[in-house]
Amino acid sequence: MKPSAALALLGACVVAALVMAHPLSQTLLAGVLLVLLMQTPWRRARLFLLGIAVSSFGLFLIWPLTAHVGSHPLWNGPILPVLGSLDVTREELAAGAVQTLRLATVALAFALWALRLDQDRLVRETRLARRSVLIVALATRLIPTLERDAAGFVEALRGRGVEVEGLRGRSRLLAPLVASSLERALTLAESMEARGYGRPDRARVARARFSWRERTALAFSLLLIVSSLLWL
Amino acid sequence: MAVTGYPRPALAPGESISARIGCIERLAFSYPGSEAEALVDVSLELERGEVALVLGRSGSGKSTLLRSLAGLVPHFHGGRFSGSVTVAGLDTRRTAPAALAGTVATLFQDPEDQIVFDRVASEVSFGPENLGLQPGEVARRVASSLAAVGAEHLFDRSTRDLSGGELQRICLASALALEPQLLLLDEPTSQLDPEGAAAFLNLVGALARERGMAIVLSEQRPALPLEICDRVLFLEQGRLLLDTPRAQAIEWLEENAPAFVEPPKAASKQDGEPGEVVCELEGIGYAYQSGVPVLENVSLELCRGEIVALAGPNGCGKTTLAKLACGLLEAQEGRALCHGRSGYLSQDPGRYVVCERAEDEVALGIAGDLPRARSWLTELGLAGSERRHPRDLSSGERERLGLAAVLATEPDLLVLDEPTRGVDPERKRELGEMLRAGSEGRATLLVSHDLAFARSVADRVVALEGVRADA
């Protein structure tokens, strides 16, 4: 799919997730995106799913504690400076669930964009903010590289009889992982420059015409935005 | 790999195939923050159609010399630069590396770190597109450079799914797609098996001859490149000690740096029977997530006091078997038993350092015993580096640090995965002697593409072929 058609779909999903009022519509949209995401190879999807699950669960936990709405208290906590009373009401839980669903839908849409879009085509065809697009594409590639490096660190340590266990053990790998990524990034930058990256006379890749599939995607994006604004 | 479909560069009227393509005059260079000079008063000329082999110990300035010809030194790295480097009439000090891209192409050591795109076709077309070529010309160059390295069949493949050898070929195709007059190859065969390395180097020789491009090649396994090169350069501590045709170079190397030309001498092997069995692998089968079996019905015994080398082509399962032997992987079929403690030195150990001081890195596996860690650093020639950050060490020093960290645990089974990758011949000899000296108290399994090294140090060599052991 052309990057512009995929971008339209992504934008429509994000807008719909933010403006949809009915929880059922939101659940349906999140469900469809989740099903599509599950169709990508598990090895690539699992990190995105883990990130979405952790951030969504975190929001669901924090929301009722920081919001102050509702008249049906389920739990009354202490009063803290700045935050005020830490109580949880039924209404806060419901609002938290809605916001969590919104966050999860937006994150799922971005995960699908990252996993399903032909990033090469995006970088090669983009004429606007090409450097930024390239950085995003390289960052997307970085996730599996980081995963592989992390496994390499764990293996190297196990090879010396050091087991990496628990959050504390894994957090110790964060700084070496960043250092390793920076080393890789430097080599990549050097290699790109040696291959002419940054020359002003770069060729423009010819863009193909919109196919019927891409036209349908554009129409569906428009329909999703309009219907979520008016009815959903 | 056949050399096909790639036109010779157009020569100007009256220009001969031996015309000078590069010239370095009195080049001196120091990296930022470093007192030591990486290159000292280096002068040389390069001609079209020749293959120049750069030899030298680790840290002697080989990679810096190549980077200076590509303009990456000083533009990308900064530092103090004096003298001049001219490539095809362009002064690299006044011409940015990107502007040199149509003239010079560089292939770096690790192919994984050079990949920008997901698809092979996009990766190879990246350079030509940066040059501003028309889409038709880009497509022609992509097709011809892939054909030149025998990788047309990989055109639509994802770069994520390629083996190390395939990636290396794609990186070479990406460099060739720039149709350079000067091709710089920095240890291009370090990850290839002997057959792959020979095919790669034969291709390089053919490219130089048929297309008239100059090729500068640095290598740590010099036997094969010495057969195809026209000329040898030898660097020591940044100084160019030798710049001479191949025949004279071999004589000079025999006299002054014999480790670079002589096959490693076989270290004194163990006499008599080996000790008790330390590791038993019986009927081992293993497949990764793809489900394709990597190992089927492999059996191997490792005894105390013996060194066993595991050889075989890229992707035959050597590393998998090594990890199974030391318990990093669990066998899906068969039985893997290790009696005692095992230690595993991974490929590229210098990348996987986690502490901020070298001594802490070694002490990590021995319950923080710093005196013992320091003695192992001294043993590995790293005395004086105890408090340095591991990432400030040179690549060779980092490899040795990784080895020290594993040896310090005094394992009953020591598994070394490609320990000679990027290691110069003299260091290899030292490593071989060290492994033999300490071999009595343990069983050692050595995974290596470097057959000469493996034969010199091991009591027996086990060949893995495809998915079946041929032990």
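Here is a short chat about a predicted model with chains A and B.

Colleague: Let's start with the chain contact. Which element of chain B gives the most to the side that touches chain A?

Modeller: This is a predicted model, and in it 48 residues of chain B are in contact with 37 residues of chain A. The elements that each supply at least two residues on the chain B side are α3 (97–100), α4, α5 (135–148), β15 (342–345) and α13 (395–407). With five residues, the one that gives the most is α4(B).

Colleague: And by class, how many nonpolar residues does that side of chain B have?

Modeller: Taking the side of chain B that touches chain A, eight residues are charged and 13 are polar. The nonpolar count is 27.

Colleague: Back to α4(B). At what angle does it cross α6(B)?

Modeller: Two packed helices are described by the angle between their axes and the distance between the axes. Here helix α4 covers residues 120–130 of chain B and helix α6 covers residues 164–176 of chain B. Their axes come within 7 Å, and the crossing is right-handed. The angle is roughly 35°.

Colleague: Which residues of α6(B) does α4(B) meet there?

Modeller: From α4(B) come B:Val120, B:Glu123, B:Val124, B:Phe126 and B:Gly127. By class, the contact of the two helices has five nonpolar, two polar and one charged residues. On the α6(B) side, the residues met are B:Ile170, B:Ala173 and B:Ser174.

Colleague: Next, the loop after α6(B). Is B:Pro180 buried or exposed?

Modeller: B:Pro180 is found in the loop between α6 and β7 of chain B. Leaving aside neighbours within four places in sequence, B:Pro180 is in contact with B:Thr103, B:Val104, B:Ala105, B:Ala175 and B:Met213. A residue needs 20 or more C-beta neighbours within 10 Å to be called buried. B:Pro180 has 26 inside 10 Å, so it counts as buried.

Colleague: Two of those contacts, B:Val104 and B:Ala105, are in β6(B). Which residues of that strand are buried on the side with B:Ala105?

Modeller: In a regular strand the side chains alternate between the two faces of the sheet. Strand β6 of chain B runs over residues 104–107, and both of its faces are covered. B:Val104 and B:Thr106 are buried on one side. On the other side, the buried residues are B:Ala105 and B:Leu107.

Colleague: What stands opposite B:Ala105 in β7(B)?

Modeller: β6(B) pairs with strand β7, residues 182–186 of chain B. The pairing is in the parallel sense, over four bridges. Opposite B:Ala105 stands B:Leu183.

Colleague: How about the other strands: which residue is the bridge partner of B:Thr86 in β5(B)?

Modeller: β4(B) and β5(B) run antiparallel and are joined by two bridges. They form a hairpin with two residues between them, and in the turn B:Ala88 has a positive phi of about 50°. The partner of B:Thr86 in β5(B) is B:Asp91.

Colleague: Which residue of β4(B) stands opposite B:Phe29?

Modeller: Strand β1 of chain B, residues 20–30, pairs with β4(B) in the antiparallel sense over seven bridges. Opposite B:Phe29 in β4(B) stands B:Phe81.

Colleague: And B:Gly89, buried or exposed?

Modeller: B:Gly89 is placed in the loop between β4 (80–87) and β5 (90–91) of chain B. A residue is called exposed if it has 12 or fewer C-beta neighbours within 10 Å. B:Gly89 has 10 inside 10 Å, so it counts as exposed.

Colleague: Now the domains. Which element of domain 1 of chain B gives the most to the side that touches domain 2 of chain B?

Modeller: Chain B is divided into domain 1 (20–260) and domain 2 (277–469), with 30 Å between their C-alpha centres. The contact takes 20 residues from domain 1 and 18 residues from domain 2. On the domain 1 side, α6 and α7 (194–211) of chain B give two or more residues. The one that gives the most, with three residues, is α7(B).

Colleague: Last one: how far apart are the C-alpha centres of the two domains of chain A?

Modeller: Chain A is divided into domain 1 (1–118 + 204–232) and domain 2 (128–203). Five residues of domain 1 of chain A are in contact with five residues of domain 2 of chain A. The centres lie 28 Å apart.

Key: Residues are numbered from 1 along each chain as its sequence is written. Chains are lettered from A and ligands numbered from 1 in the order in which they are written. This is a predicted model: local features need pLDDT of at least 70, side-chain atom pairs count only at pLDDT 80 or more; totals for chains, interfaces and linings use all residues. Axes are lines fitted to C-alpha atoms, for helices over the stretch in contact, and angles run from 0 to 180 degrees between N-to-C directions. A crossing is left-handed if the near helix is turned anticlockwise from the far one by less than a right angle, and right-handed if clockwise. Two residues are in contact if their C-beta atoms, placed from the backbone, lie within 7 Å. Ala, Val, Leu, Ile, Met, Phe, Trp, Tyr, Cys and Pro count as nonpolar, Asp, Glu, Lys and Arg as charged, and the others, Gly among them, as polar. Two strands pair if DSSP finds at least two bridges between them. Domain bounds come from an automatic or database domain assignment.
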